[in-house]
Amino acid sequence: MRRRAALPRPLSRLIPPLTMALPVTIFAVAALSFPLALARLFTVSGPATTTWIAVLYGVPGVLSLLLTWWYRQPLLVAWSTLGTVAAATLIGHSTYAELRGASLVAGGLVFLVGAGGLSERVARWVPPPIVMAMIAGAVLPYVAGMFTAAGGAPAVVGGAFVAYVLGRRFLPPRIPAVFPAVIVGLTAAGLTGVLNLGQFRWAAPVLHAAPPVFSWTTVVAFAPVLAVLMITSANLASVVYIRSQGYPASLRAIDVVTGAAAAAGSFFGFTPFCMASFLAAPTAGPDAGDHDVRHWSVYFSSVGMLAIAALAGLAADLLRIVPLSVLLALAGLALIGVLGSTLQEALAGPLVLGPLFTFAVAVSHLSYLGFGPLFWSLVIGIATSLVLERDQLRRLHAGRVTQTG
């Protein structure tokens, strides 16, 4: 396999992948609220929390760089926010060390499923329109949240929105409109006193390893759930989308790598490493630029994750420097194009009802049996198409076989 590190020419081709790395980094910072809240609920010590954050972002940053360089495809590794939310159900029943034990077992299960090629067989039968609808449903709340945040920071959000509209109208296609929007939004935040740069104090994180503890009740109750979330809602959904963009992503390799990393990372924290399903569109979709340079969006995003890992000692302060509402508003603005393209592909046919139900469930707050809306959106959407759109499914599958054959 040929691998090159040369920069594309002209360098302006790197502007779209660099721009799409901005919302990915913004989401990475905003997602800090999940592990920080879980750390407080499990009464995790300060040094252990710093270690957890450093590993939670540092390992995916390194894995993303290596996988993307090796395969020359946009392969963004992150951690499961759904798994982190689901872990909160163990509060009062399990310790943090037992949670890490369940994480180790879940990582081992993902590794074994990938090594056995089981998830690859499932991927061949997951309809891409269903995955597109799931991603669109996951993105919609952030786009809608942009307008919700406008009431609290009208100058920031309003200025960014106007810059986005003018950018779409006057800038050349190679320069994404979200680029000036983010610049104007952050500038407005600084001028209006929203930014709190005075709270920035850096100190290098120190890693502390601790062996996980195995509790059979925690392992039985949580490890299979976590493994299913990592395989289906994350790795499988991401690979289906990436393949729809013309990249021959290897689900087996991704399951093996992320599963092994999750198991090893459990000695430093709760680390459900997996692909970032709804961030696959910003990094691998058309908004990330020409097909042969989109993988640079992962290079840039990985730098952002590694920066967060280096700032793990100040993880809580990062959310106070830039208010979470402003971060999410800017990220929602950047994802407008992703929402449009995924909705268009989801409803392009031949499936209609399956993607519609998938989209509706993904937008909802459905939670049942420990699984969140993204997991159930895939289940309900596929089941709907199997019952009501069998002929359309056959045509879609026949078309995929023809393309890959």
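**Surface, core and salt bridges in a predicted model**

Student: Is Leu388 buried or exposed in this structure?
Tutor: This is a predicted model, and the relative accessible area computed for Leu388 is 53%. The cut-off for the outermost class is over 50%. Because its value of 53% passes that limit, Leu388 counts as exposed.

Student: Where in the chain is the place of Leu388, and which helices each supply at least two residues of the nonpolar patch?
Tutor: Leu388 has its place in helix α18, and Leu388 is also one of the residues that form a nonpolar patch on the surface. At least two residues of that patch come from each of two helices, α17 (353-363) and α18 (373-388).

Student: How much accessible area does the nonpolar patch on the surface have together?
Tutor: The members of the patch are Leu347, Val352, Leu353, Leu356, Phe357, Leu386, Val387 and Leu388. Taken together, their accessible area is about 710 Å².

Student: What share of the accessible surface of the protein belongs to carbon and sulfur atoms?
Tutor: For the protein as a whole, the accessible surface comes to about 17,100 Å². The share of this surface that belongs to carbon and sulfur atoms is 70%.

Student: How many of the residues in the protein, as a percentage, are buried?
Tutor: The protein has 405 residues, and its secondary structure consists of 19 helices and 2 strands. Of those 405 residues, the buried ones make up 53%.

Student: Is Val219 buried or exposed?
Tutor: Val219 is found in helix α10 (residues 216-244), where its relative accessible area is 18%. The limit for the innermost class is under 20%, so Val219, with its 18%, is buried.

Student: What is the separation of the C-alpha atoms of Val219 and Leu99?
Tutor: Leaving out residues up to four places away in sequence, Val219 touches Ala102, Val105, Phe214 and Pro224. Val219 and Leu99 are 120 residues apart along the chain, yet in space their C-alpha atoms are separated by 8.2 Å.

Student: Which side chain of opposite charge is nearest to Asp255?
Tutor: Asp255 is in helix α11 (residues 251-265), and its contacts, not counting residues up to four places away in sequence, are Val110, Phe111, Gly114, Ser119 and Asn235. Although Asp255 is buried, it has no salt bridge. At a distance of 8.1 Å, the nearest side chain of opposite charge is that of Arg252.

Student: Which residues are linked with Arg13 in a network of salt bridges?
Tutor: The structure holds 3 salt bridges. One of them joins Arg13 to Asp290, with the closest N and O atoms 3.1 Å apart, and another joins Arg13 to Asp292, with the closest N and O atoms 2.5 Å apart. In the resulting network, Arg13 is therefore linked with Asp290 and Asp292.

Student: Why does the salt bridge of Arg13 with Asp290 tie together distant parts, and how many residues apart in sequence are they?
Tutor: The salt bridge between Arg13 and Asp290 has its closest N and O atoms 3.1 Å apart. Arg13 lies in the segment before α1 (15-30), whereas Asp290 lies in the loop between α12 (280-284) and α13, so the parts that this pair ties together are apart in sequence by 277 residues.

Student: Is Arg13 buried or exposed?
Tutor: Asp290 has a relative accessibility of 32% and counts as partly exposed, and Asp292, at 44%, also counts as partly exposed. Arg13 has a relative accessibility of 13%, so it counts as buried.

Student: What separates Asp391 and Arg394 in helix α19?
Tutor: The side chains of Asp391 and Arg394 meet in a salt bridge at 2.8 Å from N to O, and both residues are exposed. Because they are 3 residues apart in helix α19 (residues 390-404), what separates Asp391 and Arg394 is about one helical turn.

Student: How far does helix α13 reach from its first C-alpha to its last?
Tutor: Helix α13 covers residues 296-310, which is 15 residues, and its buried residues include Trp296, Tyr299, Met305 and Ile308. At 1.5 Å a residue the expected span is 21 Å, and the reach of the helix in the model is close to this, at 21 Å.

Notes: Residues are numbered from 1 along each chain as its sequence is written. This is a predicted model: local features need pLDDT of at least 70, side-chain atom pairs count only at pLDDT 80 or more; totals for chains, interfaces and linings use all residues. Side-chain values use heavy atoms; hydrogens and water are left out. Helices (H or I, at least four residues) and strands (E, at least two) are DSSP runs, numbered from the N terminus. Buried means under 20% relative accessible area, exposed over 50%, partly exposed in between (1.4 Å probe, protein chains only). Lys and Arg count as positive and Asp and Glu as negative; His and the chain ends are not counted. A salt bridge is a side-chain nitrogen of Lys or Arg within 4 Å of a carboxyl oxygen of Asp or Glu. Contact means heavy atoms within 4.5 Å. Accessible areas come from the Shrake-Rupley method with a 1.4 Å probe; for residues, only the protein chains shown count as cover. Patches are made of residues with over 30% relative accessible area and no salt bridge: like charges are joined within 9 Å, nonpolar side chains (Val, Leu, Ile, Met, Phe, Trp, Tyr) within 5 Å. The expected span of a helix is 1.5 Å times one less than its number of residues.
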